[in-house]
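Got your viewer open and a selection tool ready? Let's walk through this model one stop at a time, picking out residues and seeing what sits around them.

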Amino acid sequence: MNRLKLVLPTPQYKDKIMDYKREFIENGDSMDGTAGLRMAETFEDWYSAFCDNLREETVREGLVPATTYIAISTNDGDLIGMIDIRHRLNEYLFNFGGHIGYSIRKSERNKGYATEMLALGLIECEKLSINRVLITCDKNNIASAKTIINNGGKLENEVQEGNAVTQRYWINLSSH
């Protein structure tokens with residue numbers, strides 16, 4: 001289980017983070033849990049937004065405070081995934097986004113990393129006193145649903161938005 005550690009991004013990880021972004025774009029994958037990395041023009045723009053969004057006082061308009069971590073391999077220091085923990089929910093997050101978003105780079109999928117990374121993320125939620133955690137996924141994303149269920153997620157309902165169906169899972173950390 002101790003194959004990953006969650007680390008706050010710093011400029012020393014710039015090359016690894018930008019390589020992560022490149023791999024997702026090349027594969028046409030959705031970059032969940034990256035705090036807007038896909039849309040950032042430069043690492044410095046992304047990092048500035050990441051820092052602003054850590055605190056209620058400086059969070060960017062329309063967003064909620066959130067902490068984004070990079071998941072680093074304890075074996076070789078590679079960046080395996082990213083996970084974003086939202087400190088509270090707004091209406092959109094309550095219905096579609098949840099407290100946590102995450103992604104694993106394509107070259108590292110199907111190795112159990114997502115389950116381990118989410119378990120580490122739930123520890124961070126406890127530190128933030130988020131005792132009931134909402135996590136969502138697209139109904140077609142079977143791997144993500146398994147990851148959530150493996151961490152104690154209980155399906156509450158499904159919400160339709162256009163052609164997409166979002167599954168809403170809750171994890172109670174007090175009994176976790």
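Start by selecting Val 133. Skipping its neighbours within four places in sequence, you'll find Val 133 in contact with His 99, Ile 100, Leu 122, Cys 125, Tyr 169, Trp 170, Ile 171 and Leu 173. Keep in mind as you click around that this is a predicted model.

**The largest core**

Now widen the selection. Val 133 is one of the residues that touch the most other members of the largest nonpolar core, along with Ile 83, Ile 100, Tyr 102, Met 117, Leu 118 and Ile 135. That core has 25 residues in total. Which elements each supply at least two residues of it? Colour β1 (4-7), β2, β3, β4, α4 (113-127), β5 (132-138), α5 (142-150) and β7, and you have them. Helix α4 gives the largest share, with 6 residues.

There is also a second, separate core of 14 residues; pick out Met 31, Phe 43, Ile 70 and Met 82, which are among them. As a rule, nonpolar side chains in soluble globular proteins tend to be buried together.

**Val 7 and its partner across the chain**

Keep Ile 70 highlighted and add Val 7, which lies in strand β1. Val 7 and Ile 70 are 63 residues apart along the chain, yet their C-alpha atoms are separated by 5.4 Å. Is Val 7 buried or exposed? It counts as buried, at 16% relative accessibility. Leaving out neighbours within four places in sequence, the contacts of Val 7 are Tyr 13, Tyr 69, Ile 70 and Ile 72.

**Helix α1, side by side**

Next, select residues 14-27, which make up helix α1. This helix has 14 residues and reaches 20 Å from its first C-alpha to its last, close to the 20 Å expected at 1.5 Å a residue. Show the side chains of Ile 17, Tyr 20, Lys 21, Glu 23 and Phe 24: these are buried. They sit on the same side of α1, because they cover an arc of only 160 degrees around the axis. In an α-helix there are 3.6 residues a turn, so residues three or four places apart point the same way.

What do the buried residues of α1 pack against? Turn on α2 (43-52), β2 (66-73), β3 (79-86) and β4 (100-104) to see their packing partners. Then spin to the other side of α1, where Asp 15 and Glu 26 are exposed. Just past the end of the helix, click Gly 28, which takes a positive phi of about 65 degrees.

**A round of salt bridges**

How many salt bridges does a search of the whole structure find? The answer is 14, and here are a few to visit.

- Lys 14 and Glu 44: their closest N and O atoms are 3.0 Å apart. This pair links distant parts of the chain, with Lys 14 in helix α1 and Glu 44 in helix α2, 30 residues apart. Lys 14 is partly exposed, at 31% relative accessible area, and Glu 44 is partly exposed too, at 44%.
- Glu 56 and Arg 88: these side chains meet at 2.8 Å, N to O. Glu 56 is in the loop between α2 and β2 and Arg 88 in the loop between β3 and α3 (91-97), so the pair ties together parts that are 32 residues apart in sequence.
- Glu 108 and Lys 111: here the closest N and O atoms are 2.9 Å apart. Glu 108 counts as buried, at 16% relative accessibility, while Lys 111 is partly exposed, at 42%.

For something more connected, select Asp 19, Arg 22, Glu 23, Glu 26 and Arg 105 together: a network of salt bridges links them.

**Last stop: the β6-β7 hairpin**

Finish with strands β6 (residues 154-161) and β7, which pair in the antiparallel sense over 7 bridges. Find Asn 157 and look across to β7, where Arg 168 stands opposite. The two strands form a hairpin with 2 residues between them, and Gly 162 in the turn has a positive phi of about 65 degrees.

Now click Thr 166, found in strand β7 (residues 164-172). Thr 166 counts as buried, at 12% relative accessibility. Beyond its neighbours within four places in sequence, Thr 166 is in contact with Asn 95, Phe 96, Thr 136, Cys 137, Asn 157, Glu 158 and Val 159.

Note on methods
Residues are numbered from 1 along each chain as its sequence is written. This is a predicted model: local features need pLDDT of at least 70, side-chain atom pairs count only at pLDDT 80 or more; totals for chains, interfaces and linings use all residues. Side-chain values use heavy atoms; hydrogens and water are left out. Helices (H or I, at least four residues) and strands (E, at least two) are DSSP runs, numbered from the N terminus. The expected span of a helix is 1.5 Å times one less than its number of residues. Buried means under 20% relative accessible area, exposed over 50%, partly exposed in between (1.4 Å probe, protein chains only). The arc is that of the directions from the helix axis to the C-beta atoms. Contact means heavy atoms within 4.5 Å. A salt bridge is a side-chain nitrogen of Lys or Arg within 4 Å of a carboxyl oxygen of Asp or Glu. A nonpolar core is a set of buried Ala, Val, Leu, Ile, Met, Phe, Trp, Tyr and Cys residues joined through side-chain atoms within 4.5 Å. Two strands pair if DSSP finds at least two bridges between them.
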